[in-house]
Amino acid sequence: MKHVVAAADEIPPGSRKIVDLEGRSIGVFNVDGEYFALRNRCPHQGGALCEGKLWGVLKADVPGGFEYSSTREILTCPWHGWEFHVRTGQSWCDPMRLRVRRYDVSVETYKVSVEGRYVFVEVPTGRPAAAPASVSSRAR
Amino acid sequence: MVVTTAPETEARVRGRTRRALIDCDFHDELDSIKDLYPYLSQRWREHIESYGTRGPGGAYYPRFMDHREDARPPSGRRSGSEMAHSRKDFLDPYNVAHAILIPLTPAGRQMNPELDAALATAVNDWQVAEWLDPEPRLRASMIVPFEYPDAAVREIERRASDKRFVQVQFSGRPHEPMGRRKYWPIYEACARNGLHVMSHAFGSYGNPITGSGWASFYLEDHVGPAQAMQGNIVSLVAEGVFEAFPELKLVSVENGFGWIPSLMWRLDNAWTLLRSEVPQVKRPPSEYVREHVWLTTQPVEEPHKPEYFSQLLEQFGEMTSHILFASDYPHWDSDNPDMALPPYLPKALLDRIYYENARQLYGL
C-alpha cells in the first residue's frame with residue numbers, strides 16, 4: 001500500500017525524513033536527487049539505523065592506499081556502526097546474508113489546470129489527492 | 001545523606017512489564033574534568049588549570065564514535081554525564097533494578113601520585129553526590145590510585161563504611177600483572193572491608209595491549225582486553241592471591257567471557273607440570289577461577305553459528321552462575337538488553353545472568 005510521506009522539496013538532496021508507516025519506522029533518504037527508503041531498525045541489535053551518519057564509500061586496494069567516493073550512500077548504525085548501502089539495504093560486511101529491508105520510493109506529480117477562476121488537480125482513481133512523494137510498503 | 005525515592009516516571013511504570021535487570025557495567029561519565037571542580041580543593045583546581053592531567057601514553061586509541069550519539073542528554077553534554085537523563089534513557093525503560101557505576105576518568109592513571117589520589121577521592125565524592133544519593137538503584141565502583149597502594153588503601157578505609165561502594169576499580173592494563181605483591185595491600189583492604197576487586201577493560205599504565213608491543217589500529221585495541229584479562233587472572237592465581245585472601249572476588253568487566261573454559265583447561269594442565277614452581281597454588285587453578293572470578297557479558301560473544309553459544313555455556317557448567325549481564329551504557333559498543341543473549345536459552349539461566357547472579361554477588 002502506498003503512503004504519502006512528504007512534499008518533494010521537504011527532503012532536499014543530502015537530507016532524510018523518518019516516518020511511521022503501518023507500525024514501522026522507516027527512513028526516507030534523498031541521495032543526489034534519488035530517493036531511497038530503509039527500515040529504521042538495524043538487524044544487529046535493533047538500533048535506530050536511519051538516524052545514523054551517512055558516509056561515502058571508502059575502499060583500499062593496498063594498505064595505506066585508499067579510494068573514497070564522496071557520494072554519501074553508506075549508512076552507519078548509531079549503535080555499533082554497522083554499515084548498509086542506502087540504495088539496496090545490503091550490509092557492507094556481509095552483503096550476501098545480511099540486509100535491512102528497503103522500500104520503494106517514488107515522487108509523483110499531478111496534472112494541474114486552471115479553468116476560469118478554478119484550479120483543478122487531476123488525481124487518478126483510487127489514490128489520495130495532493131502531496132507528491134510516496135513510499136510503497138511492499139518490501140523488497 | 002539524603003535518600004530520595006526514584007520518581008515514578010511513565011517510562012519507569014511501563015518498564016515494569018519487562019524482566020528486571022541488574023546492569024553490571026553502567027558508565028557515569030564526566031563531561032569534562034571541570035565536573036570535578038566542586039569536589040576538588042582550590043590547590044588542585046589551580047594545579048589542573050596550570051599543569052593539566054598527565055598519564056602515560058598509549059592508553060587511548062582514537063575511535064570513530066566514543067558514545068552513542070542518541071544517548072546524549074538534551075543539554076548537549078556528554079552521553080552518560082547526567083544522571084537524570086541516564087535514568088530516563090536507560091534505567092527506567094529497561095526496568096533496571098540496580099546498576100553498578102563504573103566511572104572511566106583520569107583518576108587512576110596519573111603520573112603525579114598526589115594528583116591521582118586527589119582525583120580519585122573527588123570522583124568518589126562526585127559519584128556520591130550526583131549518582132548514589134539521588135538514585136537508590138545505583139551502586140558504585142570505588143576509584144583508588146591503585147598504582148600507589150598506600151594512598152589507595154587510605155581511600156578504601158575512608159569509603160568502606162559507605163556500603164553503596166561495592167568494589168574497587170582497576171584499569172585493564174595496570175603497570176604490573178594484578179597478582180604481583182605491589183597490589184596486595186589493596187587486596188587485603190578489600191578483603192577486610194568486604195569489597196570486590198573489579199578490572200574494567202582498556203585504560204593503561206603504559207603497557208601495550210599485546211604481548212608483542214603497540215598495536216596500530218583501534219580494532220586491535222578493541223579485541224585486546226581478553227588477552228590482558230587472561231594475563232591478570234593467571235597472575236592472581238599463580239601468585240596465590242586467592243589463597244592469601246580467600247574472601248576476595250574478582251569481577252572482570254568488558255573483557256569477554258568465551259575464553260574462560262579453554263584458559264582453565266590450559267592452566268590446569270600447566271599446573272600439573274609446574275606445580276613445584278608455585279607451591280602457593282595449592283589446588284588446581286581452575287578451582288580458584290571457578291570460585292573467585294565473575295565475568296560480564298558485554299561485548300557478548302556472537303558466534304557465526306548460534307548453537308555455539310549454547311555449547312559455550314555448557315563448557316562453563318556451574319560457572320554460569322558467575323556470568324553477569326552488562327550493557328556498557330552509553331558506549332557505542334554497548335549491548336541492547338533485549339538482544340544481548342539468545343532468547344532460546346533456558347529461562348532459569350536467563351534469569352540468573354540478567355539478575356540473580358549479580359544480586360548474589362553484590363548482596364542486592
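So, contacts in chain A: if you take those between residues at least 6 apart in sequence, 46% join residues at least 24 apart. Keep in mind that this is a predicted model. Chain A has 11 strands and 0 helices, and from the N terminus on its elements read β-β-β-β-β-β-β-β-β-β-β. As for burial, chain A has 140 residues, and buried ones make up 23% of them.

Let me pick out one strand there. Strand 5 of chain A, residues 54-59, is hardly covered: among its 6 residues, the count of buried ones is 0. What does strand 5 pair with, and in which sense? Its partner is strand 6 of chain A, residues 67-76, and the two pair in the antiparallel sense, over 5 bridges. If you want a spot to click on, go to A:Val57, which stands opposite A:Ser69 in strand 6 of chain A.

Okay, over to chain B, starting with the sheet. Chain B has an open sheet of 8 strands, with parallel pairing, and the order is 1-2-3-4-5-6-7-8. Which strands sit at the edges? Those are strand 1, residues 21-26, and strand 8, residues 323-324, each pairing on one side only. Within chain B, strand 3 (residues 138-143) and strand 4 (residues 165-171) run parallel and are joined by 4 bridges. On that pair, you'll find B:Met142 opposite B:Val168 of strand 4.

Now the helices of chain B. A quick reminder: two packed helices are described by the angle between their axes and the distance between the axes. Helix 5, residues 149-159, packs with helix 6, residues 184-193, at an angle of about 15°, and their axes are 9 Å apart. An angle under 35 degrees counts as roughly parallel, so helix 5 of chain B is roughly parallel to helix 6 of chain B. Their crossing is right-handed. Who makes the contact? From helix 5 of chain B we have B:Pro149, B:Ala152, B:Val153, B:Ile156 and B:Glu157, and from helix 6 of chain B it's B:Pro185, B:Ile186, B:Ala189, B:Cys190 and B:Asn193. By type, the residues of that contact split into 8 nonpolar, 1 polar and 1 charged.

Next pair: helix 10 of chain B, residues 260-274, and helix 11 of chain B, residues 285-292. These two pack at an angle of about 140°, with axes 7 Å apart. Roughly antiparallel or oblique? The cut-off for roughly antiparallel is over 145, so helix 10 of chain B comes out oblique to helix 11 of chain B. On the helix 10 side the contact uses B:Met264, B:Leu267, B:Asp268 and B:Trp271, while helix 11 brings B:Pro285, B:Ser286 and B:Val289. That contact has 5 nonpolar residues, 1 polar and 1 charged.

One more helix before the interface. Helix 2 of chain B, residues 42-51, lies largely in the open, because the number of buried residues among its 10 is 0. Right after helix 2 comes B:Gly52, with a positive phi near 70°.

And last, where the chains meet. How many residues of chain B are in contact with chain A? It's 11 residues of chain B, against 8 residues of chain A. On the chain B side, the residues touching chain A are 6 charged, 4 nonpolar and 1 polar.

How values were computed: Residues are numbered from 1 along each chain as its sequence is written. Chains are lettered from A and ligands numbered from 1 in the order in which they are written. This is a predicted model: local features need pLDDT of at least 70, side-chain atom pairs count only at pLDDT 80 or more; totals for chains, interfaces and linings use all residues. Two residues are in contact if their C-beta atoms, placed from the backbone, lie within 7 Å. Ala, Val, Leu, Ile, Met, Phe, Trp, Tyr, Cys and Pro count as nonpolar, Asp, Glu, Lys and Arg as charged, and the others, Gly among them, as polar. A residue is buried if 20 or more other C-beta atoms lie within 10 Å of its own, exposed if 12 or fewer, and partly exposed in between; C-beta atoms are placed from the backbone. Two strands pair if DSSP finds at least two bridges between them. Axes are lines fitted to C-alpha atoms, for helices over the stretch in contact, and angles run from 0 to 180 degrees between N-to-C directions. Angles under 35 degrees count as roughly parallel, over 145 as roughly antiparallel, 65 to 115 as roughly perpendicular and the rest as oblique. A crossing is left-handed if the near helix is turned anticlockwise from the far one by less than a right angle, and right-handed if clockwise.
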